Amino acid sequence: HDNMDFYNFRLGLSYEFDNGIIVDSNSAYLDFQRRVNFDNSITPIPSSAQHRGEIFDLVSQEFRFLSPRGGRIEWEAGAFYQQEDLDLGNPGDPRYMTATIGASLRFPMRHQHAWQDTTWMSAFAGVTLNFLDNKASLDVGARYTDIEKTSLIQGLGSTWIFDINPDAIVSPPGTSNTGAAVVDAVGDGRAWGRNHNTNRLHSVTMGTDIIDCATGHPQCGTYGAGFWTHRWGVRVVPDAWDTMSPVAMGPSLNWIREPNNNTEFKQTYNDNNLDPQVTLRYRPSENHSLYAKWARAFKGGGADISTAEGPDDPESFSLEPEYAENFELGSKGSLLDGAASYNINVFSMIIKNMQVSTVVPEQVGGGQQFSRSANGGKERTEGVEIDGRLQVNDYLRVDFSGALMDGKMLSFLGPGCTTVEFQHADTGPCVSVA
């Protein structure tokens with residue numbers, strides 16, 4: 001079940017003064033709401049009921065002033081403001097709550113709530129100098145942008161309570177994730193469970209991965225000696241526990257998955273940047289124009305609140321801004337008395353600190369891959385683009401376009417595991433099997 005409500009409004013106003021100066025105003029409002037229900041078990045029997053909610057609101061306002069066109073000097077200036085509110089899962093409204101109820105040994109229930117408030121403010125200006133009898137022009141402009149974001153992720157989760165000590169039961173013979181034979185013994189401080197993807201045995205440690213409720217751990221609730229549970233991030237459940245083993249469901253706790261037991265991840269991000277651009281144009285005739293352009297731009301950072309798992313630590317919660325520099329040469333014009341037109345450009349763009357979506361292993365507990373936005377490194381993209389139009393006769397027009405592009409990552413920071421590497425990883429980083 002997927003239900004979406006979307007409203008988008010825009011109001012544009014323009015006024016020209018007696019001296020030819022024009023002022024434009026653009027106001028916008030957007031409201032988006034979504035509710036999703038689905039089963040994530042990928043089995044014929046529903047066993048992982050999930051509910052996702054999203055609410056997004058946006059308000060923006062822009063004022064732009066333009067000088068009269070056609071003079072030796074032309075200019076424009078303006079200011080822009082935008083306020084965004086994103087809410088992924090509203091615990092106060094069941095319709096938009098983000099929750100999972102799973103019929104698995106790993107966890108019976110979890111809730112997650114994330115939100116991000118963003119304020120954009122920018123001022124921009126540009127000047128055009130026309131010379132050589134208006135055959136040439138030079139554009140110089142810049143935009144100053146200030147971004148402030150406040151992001152938060154918090155969640156509730158519970159684990160099953162068992163009355164079976166997994167260290168008192170020997171696991172069946174098998175091989176470990178490294179290929180070595182498993183030697184299990186009663187009371188050796190370890191228990192073993194199978195990875196569902198590789199069918200190999202992984203060890204979990206008593207006292208850290210496996211919690212003895214006699215210690216009074218908050219995950220156990222009112223259960224004490226004689227009962228056990230596993231730490232929230234542990235993906236491998238001991239063979240001693242099966243679907244008939246749980247005796248109760250533990251209490252819902254704030255981020256019991258996070259090793260420091262933080263109740264939430266919250267971050268305030270603020271950044272500002274000045275993005276200049278310069279364009280030189282030359283018109284050898286009325287029907288043709290050549291140009292060269294250089295520009296810089298940036299994409300604000302903040303935090304990745306979209307992940308279903310949440311960050312392992314505050315450092316992985318943060319997302320740094322990326323910066324782009326672009327060089328472009330091009331030509332535009334018309335042929336055959338206006339029956340044909342063309343547009344061709346050659347460009348090269350370098351993006352530093354590029355924001356990418358990457359698959360990473362869960363470092364707390366291991367055993368799963370998930371997608372997360374991260375800063376990947378430096379990328380270069382070069383290419384040629386062309387498009388045009390040919391009016392063959394009064395009844396037939398031919399449009400054409402094409403591009404030849406080449407992209408390369410010049411550097412890549414913190415790549416995720418490959419599938420083979422991840423299958424051989426336990427709770428730490430990728431394990432090379434080359």
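**Exercise 1. The N-terminal hairpin**

Task: In this predicted model, determine how strand 1 and strand 2 run relative to each other, parallel or antiparallel, and how many bridges join them.

Solution:
- Locate the two elements. Strand 1 covers residues 2–16, and strand 2 covers residues 22–39.
- Read the direction. The strands run antiparallel.
- Count the bridges. There are 15 between strand 1 and strand 2.
- Check one position. Asn3 faces Arg35 of strand 2.
- Inspect the connection. The two strands make a hairpin, and 5 residues lie between them.
- Look at the backbone in that turn. Gly20 has a positive phi, about 90°.

**Exercise 2. Whole-chain totals**

Task: Summarise the chain by secondary structure, burial, contact range and accessible surface.

Solution:
- Start with the elements. The chain has 2 helices and 22 strands.
- Take burial next. The chain has 434 residues, and 38% of them count as buried.
- Turn to contacts between residues at least 6 apart in sequence. Of these, 65% join residues at least 24 apart.
- Finish with the surface. The accessible area is about 23500 Å². Carbon and sulfur atoms account for 57% of that area.

**Exercise 3. Positive phi outside glycine**

Task: Which phi values do Leu132 and Asn134 take, and how exposed is each residue?

Solution:
- Recall the background. Most residues other than glycine have a negative phi.
- Place the residues. Leu132 sits in the loop between strand 6 and strand 7. Asn134 also belongs to the loop between strand 6 and strand 7.
- Read the angles. Leu132 has a positive phi near 55°. For Asn134, phi is positive at about 65°.
- Classify Leu132. Its relative accessible area is 53%, so Leu132 is exposed; the cut-off is over 50%.
- Classify Asn134. Its relative accessible area is 42%, so Asn134 is partly exposed.

**Exercise 4. The second largest pocket**

Task: Describe the volume of the second largest pocket, then its lining.

Solution:
- Begin with the volume. The second largest pocket holds about 730 Å³ of space.
- Go to the lining. It is made by 37 residues, and Gly141, Ala142, Arg143, Gln277 and Lys293 are the closest to the pocket centre.
- Assign the lining to elements. Those giving two or more residues are strand 4 (73–88), strand 6 (109–131), strand 7 (136–158), strand 15 (265–285), strand 16 (288–299) and strand 19 (322–335).
- Sort the residues by class. The lining has 15 nonpolar, 9 polar and 13 charged residues.

**Exercise 5. Strand 16 and its partners**

Task: Trace the pairing of strand 16 with strand 15 and with strand 19. Then place Arg296 in that setting.

Solution:
- Take strand 15 and strand 16. They pair antiparallel through 7 bridges.
- Find a facing pair. Val278 lies opposite Trp294 of strand 16.
- Examine the link. Strand 15 and strand 16 form a hairpin, with 2 residues between them.
- Move to strand 16 and strand 19. Their pairing is antiparallel too, over 12 bridges.
- Find a bridge. Ala292 has Leu329 in strand 19 as its partner.
- Now locate Arg296. It belongs to strand 16.
- Judge its exposure. The relative accessibility is 44%, so Arg296 counts as partly exposed.
- List its contacts beyond four places in sequence. Arg296 meets Asp275, Pro276, Ala324 and Glu325.
- Compare sequence and space. Arg296 and Asn326 are 30 residues apart in sequence, yet their C-alpha atoms are 6.3 Å apart.

**Exercise 6. Two loop residues**

Task: Is Asp209 buried or exposed, and which residues does Val392 touch beyond four places in sequence?

Solution:
- Place Asp209. It lies in the loop between strand 10 (201–205) and strand 11 (210–212).
- Apply the cut-off. Buried means under 20%; Asp209 has a relative accessible area of 14%, so it is buried.
- Identify its surroundings. Outside four places in sequence, Asp209 touches Val204, Thr229, His230, Arg231 and Val234.
- Place Val392. It lies in the loop between strand 21 (369–391) and strand 22 (397–412).
- Classify Val392. At 45% relative accessibility, Val392 is partly exposed.
- Answer the contact part. Outside four places in sequence, Val392 touches Arg397 and Val398.
- Add a distance. Val392 and Ala339 are 53 residues apart along the chain, and their C-alpha atoms are separated by 7.6 Å.

Terms used. Residues are numbered from 1 along each chain as its sequence is written. This is a predicted model: local features need pLDDT of at least 70, side-chain atom pairs count only at pLDDT 80 or more; totals for chains, interfaces and linings use all residues. Side-chain values use heavy atoms; hydrogens and water are left out. Two strands pair if DSSP finds at least two bridges between them. Helices (H or I, at least four residues) and strands (E, at least two) are DSSP runs, numbered from the N terminus. Buried means under 20% relative accessible area, exposed over 50%, partly exposed in between (1.4 Å probe, protein chains only). Contact means heavy atoms within 4.5 Å. On a 1 Å grid over the protein atoms alone, a cavity is a set of points where a 1.4 Å probe fits but cannot get out, and a pocket is an open set with protein on both sides within 12 Å along at least five of seven lines; lining residues have an atom within 4 Å of a point. Grid points are joined across faces, edges and corners, and a volume is the space filled by probe spheres set on the points. Ala, Val, Leu, Ile, Met, Phe, Trp, Tyr, Cys and Pro count as nonpolar, Asp, Glu, Lys and Arg as charged, and the others, Gly among them, as polar. Accessible areas come from the Shrake-Rupley method with a 1.4 Å probe; for residues, only the protein chains shown count as cover.
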